[in-house]
Structure formats: structure tokens, C-alpha cells
Amino acid sequence: MNAHKLNAQEQEKAKFSFSGATLYGINAVIGSGIFLLPQKIYKGLGPASLAVMLGTALLVILLAVCLAETAGYFNKNGGAFQYSKAAFGDFIGFNVGFLGWVVTIIAWAAMAAGFARLFVITFPAFTPYELVLSITLIVLLSLMNIAGLKTSKFFTLAATVAKLIPIIAFAACAIFFIKGGIDKGNFTPFLQLEPGTNVMTAIANTAVYIFYGFIGFETMSIVAGEMRNPEKNVPRAILGSISIVSVLYMLIIAGTIAMLGNQILQTNASVQDAFVAMIGPAGAWIVSIGALISIAGLNIGESIMVPRYGAAIADEGLLPKKISETNSKNAPVVAIIISGACAIALLFSGKFEELATLSVVFRFFQYIPTALAVLKLRKMYPEKKVVFRVPFGPVIPVLAVVVSLIMIVADNPMNVVYGVIGAAVASLVYYFMHGRKQVPTNPD
């Protein structure tokens, strides 16, 4: 009994604290894409892209606050799956969870491939081993995950701190150079449209791209069971991490524009070039290594989150229970093996890059039921005290649903068709496994 109690205490100690959860959230959002972001969004609107960045950050917060409230009802893994299941029943919950697990596996494969690609760009001698590098990364992270959360947590937090060093350094320097950029005229004219485009189209296209830079904030809710005091810490960490990321993104874009102006369009390494202009040649190397560490950190975070998504579904009885079984380190071994094997198979398929783009869009299909669950869970559990409650009644959840639908269609109207096909496949799997049964649910 004492040994069991001691093991439970060790497992609790291995979990993320509030500060660790916030760093995990930052790690899940900030990837290597931030180092390409300024050039991409500048192209459509010029310096006015900063205003779109601010607006997009506010839209992200609409979704984040919905996630923060729903997270307050639960103390276990699963994220949107758990919220949908509790609010709308097994069938809807399974659809959200099954598709969520599939798209996160696809996204992990893409991130592993992205790490290998960035590695060989930085160290060209390894070019012949690009596929081997990506497979090795997945295998090593899966083994690390099986060894227990304590090991994975250490590397997650270490990678997050390491990748934040160049990002924070750049953001801090940007504060001192923005005025100089204004004086040089790099922010004028403020609106610079591409020939043949109109303002609304440019805003929509830029907003979609920026939104992708924030994708990943929902991962904390998926691994809520790996956080200490999750009902309290997960909502606070979601809002805290998004706020920090928003400020860093704004400073990085503003700093890059301040240093390069419209020369951003003539370089494929805008942040590196801007940092070189700020501190000298070392800036390029610092940003390059930072990008490599950044995407490595994302892979570590995915290796923790992806298997636990599948395990959460199995733990609720909607997938075979074997998938949710854990070892002495509380690691879901079967889910880890399945997730890693599927990710490696995608690497061999050669088709995962197109699927990865779709997997990003499919994240919005997770946000919609989460926002709707806010309204339903409030009615189901009116006496439940949550750490954070979305203000203004149903207004923000409804806006969050509308924003998600706009983002799905704005990227490509065919995404709606793909979503329907995905839901149809998930529904067939559900009916094959469970027929029409409905199991009473409880967020506790």
C-alpha cells in the first residue's frame, strides 16, 4: 500500500506544474514557422499586416477562452474529445476524438519530416539521410515517452527554454529598433497591396496564414491529465501561453519590418537577415539553430500528446481498452507504439505533406464542438465552479464557431467536403464497433 502511494506521489510529481504547463503551451504553438512568418504575411498587406496580426490574435483568444472554460470541467486527457463526449454523447465524442487522433498523427509525421529537412539544410552533409533522420526521431521520442513523463517533461521544458532564447532576444532587440524603422520610412505607406488584389481578399488570406501560426494551443487540454491540478492550471496556462505568444509574434514581425522594410520580399530568411542587421553575423546562426531547436521541441510535445489522445478515447471505452493500458511509468505503451508506427508509415508514403496541410485545417473541426460544448456544459452542470468562465454569455462561443467556419472555408471550400468525408468514415468505425449504444457521461 505504501509502495503504491509512493508511486502515485512520484507520478504526480512528474506532472507539469502551472509554469511547466504554460511553457508546454508555448512550445506547442511556436514552431519553426515563426521564422518564416514575417515575409509571408508582409507580402499581402505590407506593414498593415501588423493590424491583421493583432486582430487574428484576438480571434485566437476567442477560441482559447472557450477551451479554457471547458478545460475547467475536467481533470483528464482528451481535450475536445472529452468535452464533446460529455456534452453531446458518445457518437459525437468519438467522431471528434477519432478524427483528432488521426490528424495529430499526420501532423506529427509532418513535423518529424520538417525537422529532418531543416537539419539537412543546416548541416548539408546529412542530406542522404533525411528520411532516416525523421524515422529515428520518432523512434527515439517514442522510447523516451515509454520511459515515462518525467523524462519527456525534462526535454520538453529544456527545448522550450532553448528555443525561446533567440526568440526573446530578437523581440527584445526589436523594441529598440522599431522607432528607427519608422524614421527610415519602413512602415510607410502602411497599406501596401499586391497589384490586382483587394483589401478584403488580402486580409482574409493573411489572417488564415497568421492563424496557422497559433495552431497548437489546444494540445494542453489534450494532455490535461499530465498536469497538476488541471481544472485550475490548464485554463490559466492556455490563456497565459497565448498571450505570451501573441506579444512575441507582434514584436518579431514589427522588428523584421523595421530592419528590412519591403526588402523582406527579396529574402528567404527575413528574420535571420533582420537579426544580422541588429547584432551582426552571429544573428543568422542564432536564428538558424533556434529554428532547429524549435521544431525539435514541437516533436517532443507531439510525442507526449498524440498517444495520449488515442489512449483517452480507449480509456472511455470507445476504442479497445488495450490502447489505454499504461506501464509502471504511467505511459500508454500501446498507444505510443500505434502512434509512432502510423507516423513512420506516413513518412514512407510520400503523401503526408498534403495531408499535413489538411490536418491543420481539421483542427478547426475540434474548435467548433469545443465552443458549442461551453454552452451545453453550462446547462448540464450549472453548479460546477470552474476557474475561468467565458464572459458575455453565448456571444463569444458563437463567434468562435463562426470564426472557425470562416477559416475552414477561406482556406479552401473543399475542406467542408473533406470534413464530411472524415466524419462519415469515423461514423462507420463507430457503428461497426458500438452500434447505436449511448453511455451516460460525466465530466468528473
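What follows is a friendly exchange about how labels are earned in this predicted model.

Reader: Before the details, how many helices and strands does the protein chain have?

Author: The protein chain has 18 helices and 0 strands. Of its 444 residues, 54% are buried. The accessible surface is about 18700 Å², and carbon and sulfur atoms account for 70% of that area.

Reader: Why is Glu-69 called buried?

Author: Glu-69 has a relative accessible area of 0%. Buried means under 20%, so Glu-69 is called buried.

Reader: What makes the pair of Arg-389 and Glu-69 a salt bridge?

Author: The closest N and O atoms of Arg-389 and Glu-69 are 3.6 Å apart. The cut-off is within 4 Å, for a side-chain nitrogen of Lys or Arg and a carboxyl oxygen of Asp or Glu, so the pair counts as a salt bridge. This pair links distant parts of the chain, 320 residues apart: Arg-389 sits in the loop between helix H16 (364-380) and helix H17 (395-411), while Glu-69 belongs to helix H4 (residues 49-71). Together with Arg-378, these two residues are linked in a network of salt bridges.

Reader: And why is Arg-389 called partly exposed?

Author: Its relative accessibility is 38%. Partly exposed lies between the buried limit, under 20%, and the exposed limit, over 50%, so the label fits Arg-389.

Reader: How do you know that Lys-85 and Glu-316 meet in a salt bridge?

Author: The N to O distance is 3.3 Å, and the limit is within 4 Å, so Lys-85 and Glu-316 qualify. Lys-85 lies in helix H5 (residues 80-88) and Glu-316 in the loop between helix H13 (282-315) and helix H14 (333-349), 231 residues apart. Lys-85 has a relative accessible area of 5%, so it is buried, whereas Glu-316, with 23%, is partly exposed.

Reader: What distance supports the salt bridge of Glu-130 and Arg-117?

Author: Their side chains meet at 2.5 Å, N to O. Glu-130 is in helix H7 and Arg-117 in helix H6, 13 residues apart. Arg-117 is partly exposed at 40% relative accessibility. A search of the whole structure finds 7 salt bridges.

Reader: What makes Phe-123, Phe-126, Tyr-129, Val-132 and Trp-285 a nonpolar patch?

Author: A patch takes residues with over 30% relative accessible area and no salt bridge, and nonpolar side chains are joined within 5 Å. These five residues form such a patch on the surface, with about 520 Å² of accessible area together. Phe-123 lies in the loop between helix H6 (90-122) and helix H7 (130-146), and Phe-123 is partly exposed, its relative accessible area being given as 30%.

Reader: Which residues touch the most other members of the largest nonpolar core?

Author: Phe-211, Phe-214 and Phe-217 do, in a core of 130 residues. Helix H6 gives the most to this core, with 16 residues. Leaving aside neighbours within four places in sequence, the contacts of Phe-211 include Thr-56, Leu-63, Phe-364 and Met-407. In soluble globular proteins, nonpolar side chains tend to be buried together.

Reader: How many disulfides does a search of the whole structure find?

Author: The search finds 0 disulfides. As for individual cysteines, Cys-66 has a relative accessible area of 1%, which means that it is buried. Cys-342 is partly exposed at 35%.

Reader: Which peptide bond is cis, and what is its omega?

Author: The bond from Thr-188 to Pro-189 is cis, with omega near -10 degrees. Pro-189 is found in the loop between helix H8 (149-183) and helix H9 (199-214). Most residues other than glycine have a negative phi, and most peptide bonds are trans.

Reader: What, then, is the phi of Asn-330, and what is the phi of Phe-392?

Author: Asn-330 has a positive phi of about 65 degrees although it is not a glycine, and it lies in the loop between H13 and H14. Phi of Phe-392 is near 65 degrees, also a positive value in a residue other than glycine. Phe-392 is in the loop between H16 and H17.

Reader: Last one: why is Phe-392 called exposed?

Author: Its relative accessible area is 64%. Exposed means over 50%, so Phe-392 is called exposed. Asn-330, at 27% relative accessibility, counts as partly exposed.

How values were computed: Residues are numbered from 1 along each chain as its sequence is written. This is a predicted model: local features need pLDDT of at least 70, side-chain atom pairs count only at pLDDT 80 or more; totals for chains, interfaces and linings use all residues. Side-chain values use heavy atoms; hydrogens and water are left out. Patches are made of residues with over 30% relative accessible area and no salt bridge: like charges are joined within 9 Å, nonpolar side chains (Val, Leu, Ile, Met, Phe, Trp, Tyr) within 5 Å. Accessible areas come from the Shrake-Rupley method with a 1.4 Å probe; for residues, only the protein chains shown count as cover. Helices (H or I, at least four residues) and strands (E, at least two) are DSSP runs, numbered from the N terminus. Buried means under 20% relative accessible area, exposed over 50%, partly exposed in between (1.4 Å probe, protein chains only). A nonpolar core is a set of buried Ala, Val, Leu, Ile, Met, Phe, Trp, Tyr and Cys residues joined through side-chain atoms within 4.5 Å. Contact means heavy atoms within 4.5 Å. A disulfide is a pair of cysteine sulfur atoms within 2.5 Å.
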